[in-house]
Amino acid sequence: MIKAYAAQQAGGKLEAFTYDPGPLEANDVEIDVDYCGICHSDLSMLENEWGITRFPFVPGHEIVGSVASTGVAVTHLKAGDKVGLGWHSGYCMTCPTCMSGDHNMCSNAKGVIIDHHGGFANKVRAQAASVIALPDGIDIESAGPLFCGGITVFNPLVQFDVQPTDKVGVIGIGGLGHMALLFANAWGCEVTAFTSSEAKRQEALEMGAHHTIDSRDPEAIAAATGQLDMIISTVNVKLDWNAFLSALKPRGRLHFVGATLEPIDLGVFNLMMTQRSVSGSPVGSPATIAKMLDFAARHNIRPVIETYPMTQVNEAMDRLKKGQARYRIVLRR
Ligand SMILES: NC(=O)c1ccc[n+]([C@@H]2O[C@H](COP(=O)([O-])OP(=O)(O)OC[C@H]3O[C@@H](n4cnc5c(N)ncnc54)[C@H](OP(=O)(O)O)[C@@H]3O)[C@@H](O)[C@H]2O)c1
Ligand SMILES: [Zn+2]
Ligand SMILES: [Zn+2]
């Protein structure tokens with residue numbers, strides 16, 4: 001039996017919940033959870049903001065632990081290996097998208113917290129392809145957030161061939177955003193943090209930003225007109241997207257990873273005249289996660305975390321909801 005924390009209804013308290021995972025499938029791995037980060041998507045799913053949550057709901061998809069047991073067909077992992085698991089718990093492994101290495105875009109990929117119980121638990125199971133070994137040199141306690149927030153902001157650097165000479169902006173310095181500062185700085189870029197929190201400005205500079213701008217002040221954003229190669233939005237609210245578009249150089253890209261529900265309202269002329277692009281992306285493939293972990297180990301990139309015991313999961317969720325997390329909360333089992 002697996003001991004977890006589940007909510008029975010949208011916005012409900014997380015309470016002790018036990019379930020029987022059944023026999024271990026041939027291609028699956030069971031993980032003993034050591035730590036689990038809390039992503040804003042856990043909160044959005046808990047509150048059923050996206051209308052897809054099934055209850056009882058067990059959040060948690062930034063999992064680090066050790067392999068407890070492996071299915072008979074699993075060959076690349078063994079009991080005791082230190083591993084992590086992020087947003088996806090499995091992929092179809094046969095569609096053209098999976099076969100091209102883009103597993104994270106597989107239309108049949110399964111989510112760790114979608115119709116599946118997540119990592120706010122003593123154990124979690126997933127298809128071995130989605131379980132990634134931790135490289136030497138990674139700090140176990142702070143590694144969980146790399147598996148969703150970290151890969152989500154690292155992936156665009158790879159997908160769009162961002163150069164060390166590029167100027168990159170990051171909107172929203174929360175869980176994802178602070179890791180974007182760490183990665184973009186280590187990538188060699190000149191980094192601008194767009195934040196609505198005056199109190200985060202100094203820390204943003206310490207985490208790798210070279211400049212900070214108020215993300216809610218169109219005049220301050222206008223002062224950066226035509227300067228950036230890429231802007232990554234990690235916020236889940238509507239901001240003045242046309243102002244951010246204007247901050248891009250010709251051929252610049254406004255890239256969305258934050259799950260803003262309100263449609264974006266962009267002036268076409270602002271795209272057309274300077275050949276700018278708008279895009280979005282989901283987490284990253286298993287191969288890109290492994291690449292990201294190696295990069296993080298080599299550059300000593302560690303998410304900035306606050307650790308709570310898993311028994312205080314409701315207090316921790318509340319702190320994230322109030323925007324008080326600095327910068328990612330990690331639950332310790
Ligand atoms: N694409 C993907 O695959 C993927 C993966 C993971 C998460 N997500 C999504 O990414 C988003 C961010 O997740 P997270 O865990 O980083 O959340 P988070 O820690 O809560 O950070 C979000 C940040 O957005 C900014 N923000 C919030 N409310 C704002 C407002 N009213 N005005 C201006 N800025 C505001 C804040 O930054 P400042 O204080 O600096 O302004 C806040 O720290 C969520 O929507 C999540 O669901 C997407
Ligand atoms: Zn997430
Ligand atoms: Zn597939």
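1. **Packing of helix H5.** In this predicted model, the buried residues of H5 pack against two kinds of element. The helices are H4 (149-159), H6 (201-206) and H10 (286-298). The strands are S10 (167-171), S11 (190-195) and S17 (328-332). H5 is mostly covered, with 10 of its 13 residues buried. The buried residues are Gly175, Leu176, Gly177, His178, Met179, Ala180, Leu181, Leu182, Phe183 and Ala184.

2. **Geometry of H5.** The helix takes in residues 175-187. At 1.5 Å a residue, its 13 residues should span 18 Å, and the end C-alpha atoms lie 19 Å apart, so the two values agree. Gly188 comes just after H5 and has a positive phi of about 105°.

3. **Helix H10.** The same check works here: 13 residues at 1.5 Å each should span 18 Å, and the end C-alpha atoms are 19 Å apart, which agrees. The buried residues of H10 are Pro286, Thr288, Ile289, Met292, Leu293, Phe295 and Ala296. Their packing partners are strand S9 (131-133), H4 and H5. Just after H10, Asn300 has a positive phi of about 55°.

4. **Thr152 in H4.** Thr152 sits in helix H4. Its relative accessibility is 6%, so Thr152 counts as buried, the cut-off being under 20%. Neighbours within four places in sequence aside, Thr152 is in contact with Leu176, Val257 and Val283. Of these, Leu176 is one of the buried residues of H5. Val283 returns in point 9.

5. **Helix H11.** Val313, Ala316, Met317 and Leu320 are the buried residues of H11. They cover an arc of only 100° around the axis, which puts them on the same side of H11. An α-helix has 3.6 residues a turn, so residues three or four places apart point the same way. The cover over the buried residues of H11 includes strand S1 (2-6), strand S3 (28-38), H1, strand S16 (305-309) and S17. Gly323 follows H11 and has a positive phi, near 75°.

6. **Second largest pocket.** Its volume is about 180 Å³. The lining consists of Gly11, Gly12, Lys13, Leu43, Leu46, Glu47, Asn314, Met317, Asp318 and Lys321. Two elements give two or more residues to this lining: helix H1 (40-46) and helix H11 (313-321). H11 provides the largest share, 4 residues. By class, the lining of this pocket has 3 nonpolar, 3 polar and 4 charged residues. Met317 lines the pocket and is also among the buried residues of H11.

7. **Cys36 in S3.** Cys36 belongs to strand S3. Its relative accessible area is 0%, so Cys36 is buried. The C-alpha atoms of Cys36 and Gly144 are separated by 5.8 Å, although the two residues are 108 residues apart along the chain. Neighbours within four places in sequence aside, Cys36 is in contact with Gly60, His61, Glu62, Ile63, Gly119, Phe120, Met310, Ile329, Val330 and Leu331. Strand S3 is also among the elements that cover the buried residues of H11.

8. **Cis peptide bonds.** Most residues other than glycine have a negative phi, and most peptide bonds are trans. Two bonds here deserve a look. The bond from Phe55 to Pro56 is cis, with omega near 0°. Pro56 is in the loop between H1 and strand S4 (63-70). Arg326 and Tyr327 are also joined by a cis peptide bond, with omega about -10°. Tyr327 is in the loop between H11 and S17.

9. **Positive phi at Arg251 and Val283.** Which of these residues is buried, and which is exposed? Arg251, in strand S14 (residues 248-256), has phi near 70°, a positive value in a residue other than glycine. At 63% relative accessibility, over the 50% cut-off, Arg251 counts as exposed. Val283 is in the loop between strand S15 (277-280) and H10. Its phi is near 25°, again a positive value in a residue other than glycine. With a relative accessible area of 8%, Val283 is buried. Thr152 of H4 is in contact with Val283.

How values were computed
Residues are numbered from 1 along each chain as its sequence is written. Chains are lettered from A and ligands numbered from 1 in the order in which they are written. This is a predicted model: local features need pLDDT of at least 70, side-chain atom pairs count only at pLDDT 80 or more; totals for chains, interfaces and linings use all residues. Side-chain values use heavy atoms; hydrogens and water are left out. The expected span of a helix is 1.5 Å times one less than its number of residues. Buried means under 20% relative accessible area, exposed over 50%, partly exposed in between (1.4 Å probe, protein chains only). Contact means heavy atoms within 4.5 Å. On a 1 Å grid over the protein atoms alone, a cavity is a set of points where a 1.4 Å probe fits but cannot get out, and a pocket is an open set with protein on both sides within 12 Å along at least five of seven lines; lining residues have an atom within 4 Å of a point. Grid points are joined across faces, edges and corners, and a volume is the space filled by probe spheres set on the points. Ala, Val, Leu, Ile, Met, Phe, Trp, Tyr, Cys and Pro count as nonpolar, Asp, Glu, Lys and Arg as charged, and the others, Gly among them, as polar. The arc is that of the directions from the helix axis to the C-beta atoms.
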